[in-house]
Structure formats: C-alpha cells, structure tokens
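I opened this notebook to record what I looked up in a two-chain structure, going from confidence to the interface and then to single residues.

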Amino acid sequence: AFVEDNDFAEFEEFEDEEDGVVNDESDDDVQEPVKQPVENEEMQEFDDEQEEEEDEDPLSDDEFEHLHDEEEFENFDREKDTPKGKSPDKLPDLQMAKVPLHLRTSWDSFYLEMLMIAGLTVYFLNFLAGKNKNCKLATAWLSAHKELLETQFSIVGDDGVAKEVTSGVLMKESENVYTLWCSGRTCVEGMLVELKLLKRQDLINLLLRIFKPASDQVIVKVDLDDGKMDNFVFCVAQKRSAAKLHKDMNDLSQFTERKSSEKFDMPVSYQLLSEVGEATSAVLDKKVCQMLTKHEGVIEYIHISDQFSGPKVQEDTQPTKMPDTKACLMFCFTIPGKGKTRASDMEDLKPLLQLVFYCVDKVSRLQLSREARMKAEKNRQKAEEMFLKAAHTQRQELAQQRREERKRAEKERLMAEEDPDRARKLEDRENRRESKKKQPKMKMMKIKAM
Amino acid sequence: MQQPNANDPKRANKIVRYKAQPAGGPGDDPTPDYMNLLGMIFSMCGLMMKLKWCAWVAVYCSFISFANSRTTDDTKQMLSSFMLSISAVVMSYLQNPQPMQPPW
C-alpha cells in the first residue's frame, strides 16, 4: 500500500473504508467471486491501519478514536466482517467439479428398469391368479358332471399312461386346456371332453379380450364303434362358425351343402349343413330342436359324420393316401358370460351332456331308408373317384418330371464326353433315334412335294 | 361287474385306452413357439448390439411363452430361453451400467 503525498490522503482513506463498508453490505447477495476483492480490500485496510498507527502514534490517539468506536458505522457486524483470525491459506476455494450426468449412479435414473420389473411382477401375479381360476373352473366342471358320466361310462378320466386303467384324472394340456377321456360304453369307443378355457393366465390375452370378447368352450368328441352308424354327414352350427366349419372340415366341404332350416322349429341363428335330408330330419327331432331353442347361444355346433377326418391340412402336394375317416359326433358348447364364468355356472351345463348321450343313442339306432343309403353310397364313391383322379394326375406329373430328368441327364453326359469320335458316335445314335421317332411326318412331306 | 341290464349303457369289457393326439395337430395354438423364437431373436440382438430394451423385451417374450406353454413341451427349451434372455439383460448391464435408453 503506498501513501499519497497530497493533502486529502487521509480523507481518501476515509472513502476507502466507507467503500469497503458499503461493499460489505452488498456482498451478501452478490456471487461468491465478488467476495475475494472485498477480502483483499479488508486485508489492505488492515495493513493501512497498522501503518497509520505506527507512524502517527506519537501525534494523538484520540484523533482516530472514533474509528474504533463501533456505533460510528451503520450495520457493521463485528463477527461477520472482521476475518476471525483465519489464516488465508486454510480457506480452500470449493470448486464444484463439473461431473458429467451419466457418472452419477443415483437410483432414480433407473426408472425404466423399475417399470420393466414392475411389469414382470404384474404379469407373474396375473399368471398365478389366472392359473388358479382355470384350475378351479375345470375341477368344478368335473365335479358337476362326474356322477352323470359315471352312470354312462365304466371308466371316467383315463390318461392312457399308467399300465392299468386310471380313473378320475383330468389331464392338463396347458394352463387353459384340460381334457378328460371316458370309455367303456355301448356302441361308443370313447369320448374325449376338451375344456378350452380362456387364457386367463396370460396378461396380453386378457387385454386383447377387452377389445375382442371371447368365452370358454367345452368340446365333446364321441368316437362311435365302426358300423354302428349309417352313412350320412350332418352339421347344425351357429352362423358365425358355420361358414368356417364348412370350409375347413374335410367331410363337411366334400359331402354337405347349406340347407334352409325353416322346416324345423329351431332358432334362425343356426345354419344347417346336411347331406341326406332324411337323416337330418331324423336327427333334428322335437327334443333336439327344443334344446337348440333353450340353449341357443350355448350350443355352438353339433357335427355328426361317419366320414370325419379332421380339418383340411394345408399341403401343397395332393395327399397320396385317402385320409382315414372315423364315425364320430362332435358337440361344442360355449359357456355364456363372456369369460366371466364362475364355478357355479358349470351346473347348468349338465343338460347339455344329457343331450350328447341322447344323440349318441339316437344315431346308433337310426336306420336310413334304402334310397337314402344308396344316395350316401353314391356320394362316397364319387368322392373316392375324385380323389383317385387327383392322385392319378399327380402321379402322371411325377412320371413326366422323371422322364425329363432322364433326358437332361443324357444330354449332359453327351456334352461331357472328351474324345470327339465317341461323342460323334453317340450323337449319331441320338439323332438316328430321334429321326426314327419323327419318321412318319417326314414321309408325308415328300409325297406333297412331288 | 353287474349284469349289463337293458338301460345300463356301461360296458366294462369295451374299454379303450386314451391315445394322446400327435403334437403337430392343427388345433394347438402357435403362440408359445412364436414367442420363444421372438425371445431368442431379441436376446441375440440385445447381446450383440448391447441394446438394453431388446434384452428386457426378450425376458417378457420368454415369460409369455412360459405362460402359454403346453405340458407336453419339454421344460429344457423353456429353461434355455429364460437363461438366454436373463443373461442378455445381465450382460448388457455389466458392459455399461448406465440406465436404459428407450428406443424412441
């Protein structure tokens, strides 16, 4: 600090101090960096004061007495402003290092992962709940129908795995499909009941079903003994599934055509596919029509056929062998309630099972008239012929392909021959053979020319 | 067994054992196989291209295929698809432990 030689030197120091004080007030709200200059100024003042005291002490203390008097200065706070004897080097500048975002490992930045884990837990909980619900529904169905089944079949629920016959076993195909096999009844080889419940265990399917409602289904397939049933194919189905069945099923597409159902007093929502009119009217008797009207939405389709061979299999090549056909009755019941089924709903499916047994007995007793049987026989032969013709044309194509294959191989061998004279000999022989084949045409040409 | 009287339809001598259908029938639904395949593809690309969201989707796919699996499916395939997808997730986090960037 230098001492100026003009007269107002002391006054300037006054202003410095006041500035210093003024600065003190303003330094609270200003950023930190501004703080340093104030501290240096204070340090400077501190040194100046010491110098003043040294050289002017002898002059007089009282002249600057007022400087040490605190009231002189407005809001001058002793503790805050004067540096409390901290040595300057201990005050490190706390510079916040600029840390890039991704090095911060705080947990809340992993919110997407938490979302994923939450989704998985929700899916798992729904899986457990859906699985239990399906299991409960299946066992409820079994307990509701068990004693009726036991009056009809000698074994109910065999899984075919154990050596001797087991009973009461409901096989679980998947979380939502249960099957039950019953056997040991007159004119019936066996009956397979398939409980096609909704995929309650799959959350995605659950959400899908909000837009496209669906409901549980019970499919009963009764395999009849051979020869127990007259030859006819018949199906009555809800309109929504009739078209699909007619297109997909082998026997329906081959033998039946759509018939109007005014003749029978059954609901309009049903579509009739029949081959032999006589058999249809025999099956659709009063009792069956009553059941159809009573359980209109529930009975999805009744399919009775002696040529049943499952749905069409999409194969590009024509199957060489006729699909093996079996006489069987198939019933499909849709459990009402659009998926909100309760275990108690299974009780009112019992009359439908009685309908199944009623139809089985009726069909096995049914005797068609002679001409109906002739007509059915003719249909079967026609179908057989069509099939054989299709298989024959296919065989011919195969033969054709083989012949072309041989010819191409012959030509290749010819080209591949190394020594020229043998190649020429082969060629001559080839040409001679071809010319012999074309011989007759050549002659005619000559005669015209003369 | 009691004598088969007129209206008792049961015939103990005519019992036919249950023969399980061939697995590839048209009836069974294809979702578990599709989901399994999708899970494999996602976990592969999650591992190769270090995309975390792929690995997570792979875990979902293998879980869905587990939910829809048939009892006749062998559990080894299920287990392998789970292991693959979980390893994809773990590997992608071991390489760079940053939070996942959504694909959008």
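**Entry 1: a term to settle.** I count a residue as buried when its relative accessible area is under 20%, as exposed when that area is over 50%, and as partly exposed in between. I looked up K326(A) under this rule, and because its relative accessible area is 25%, K326(A) is partly exposed.

**Entry 2: how far to trust the model.** I note that this is a predicted model, with an ipTM of 0.90 and a pTM of 0.69. Chain A has a mean pLDDT of 79, and 76% of its residues score at least 70, while chain B has a mean of 84, with 88% of its residues scoring at least 70. Within chain A, I found the lowest confidence in helix α2 (residues 32-56), whose mean is 48, and the highest in strand β5 (residues 217-224), at 93. The pLDDT is below 50 over residues 16-42 of chain A, a stretch that has 19 contacts in the model beyond near neighbours in sequence. Residues 51-56 of chain A are also below 50, and I found 5 such contacts for that stretch.

**Entry 3: the two chains.** In chain A I looked up 13 helices and 10 strands, and buried residues make up 37% of its 450 residues. Chain B has 3 helices and 0 strands, which run α-α-α from the N terminus on, and 33% of its 104 residues are buried. Of the contacts with a separation of 6 or more, residues 24 or more positions apart account for 70% in chain A and for 61% in chain B.

**Entry 4: the interface.** How many residues does each chain bring to the contact? I read 47 residues from chain A and 32 residues from chain B. Together the chains bury about 3,300 Å², of which 64% is on carbon and sulfur atoms. E113(A), M116(A) and L120(A) supply 17% of the area that chain A buries against chain B, more than any other three residues.

I then looked at the polar side of the interface, where 18 residue pairs are in polar contact, both residues being at pLDDT 80 or more. Helix α5 (111-152) and strands β2 (171-174), β3 (177-185) and β4 (188-196) of chain A each supply at least two residues to the side that touches chain B. The largest share of that side, 13 residues, comes from α5(A). By class, the side of chain A that touches chain B has 21 nonpolar, 12 polar and 14 charged residues.

The count of salt bridges between chain A and chain B is 3. One that I looked up joins the side chains of D225(A) and K14(B), at 2.6 Å from N to O.

**Entry 5: Q152(A).** Q152(A) is in helix α5 of chain A, and because its relative accessible area is 15%, I enter Q152(A) as buried. Its side chain makes a polar contact of 2.8 Å with the side chain of R185(A). Leaving aside neighbours within four places in sequence, Q152(A) is in contact with residues of both chains, namely G184(A), R185(A), F357(A), P9(B) and K10(B).

**Entry 6: salt bridges across chain A.** The whole structure has 23 salt bridges over all chains. The side chains of K350(A) and E147(A) form one at 3.4 Å, N to O, and the pair links helix α11 with helix α5 of chain A, over 203 residues in sequence. K350(A) is partly exposed at 23% relative accessible area, as is E147(A) at 43%.

Returning to K326(A), I found its side chain in a salt bridge with that of E189(A), at 3.5 Å from N to O. This pair links strand β4, which holds E189(A), with strand β10, which holds K326(A), and the two residues are 137 apart. E189(A) is partly exposed at 21% relative accessibility. Both residues belong to a network of salt bridges that also takes in D226(A).

Are R380(A) and D306(A) buried or exposed? Both are buried, and they form a salt bridge whose closest N and O atoms are 2.8 Å apart. R380(A) lies in helix α12 (residues 370-416) and D306(A) in strand β9 (residues 299-308) of chain A, so this bridge ties together parts 74 residues apart in sequence.

**Entry 7: T341(A).** I finished in the loop between β10 (326-334) and α11 (350-365) of chain A, where T341(A) is found. T341(A) counts as buried because its relative accessibility is 0%. Not counting residues up to four places away in sequence, T341(A) touches K133(A), L137(A), R200(A), D216(A), I335(A) and P336(A).

Note on methods:
Residues are numbered from 1 along each chain as its sequence is written. Chains are lettered from A and ligands numbered from 1 in the order in which they are written. Side-chain values use heavy atoms; hydrogens and water are left out. Contact means heavy atoms within 4.5 Å. Buried area is the accessible area (1.4 Å probe) that two parts lose on being put together, summed over both. A salt bridge is a side-chain nitrogen of Lys or Arg within 4 Å of a carboxyl oxygen of Asp or Glu. A polar contact is a pair of N or O atoms within 3.5 Å; within protein, one must be able to donate a hydrogen and the other to accept it, and residues adjacent in sequence count only if both atoms are side-chain atoms. Helices (H or I, at least four residues) and strands (E, at least two) are DSSP runs, numbered from the N terminus. Ala, Val, Leu, Ile, Met, Phe, Trp, Tyr, Cys and Pro count as nonpolar, Asp, Glu, Lys and Arg as charged, and the others, Gly among them, as polar. pLDDT is the predictor's confidence in each residue, from 0 to 100. Buried means under 20% relative accessible area, exposed over 50%, partly exposed in between (1.4 Å probe, protein chains only).
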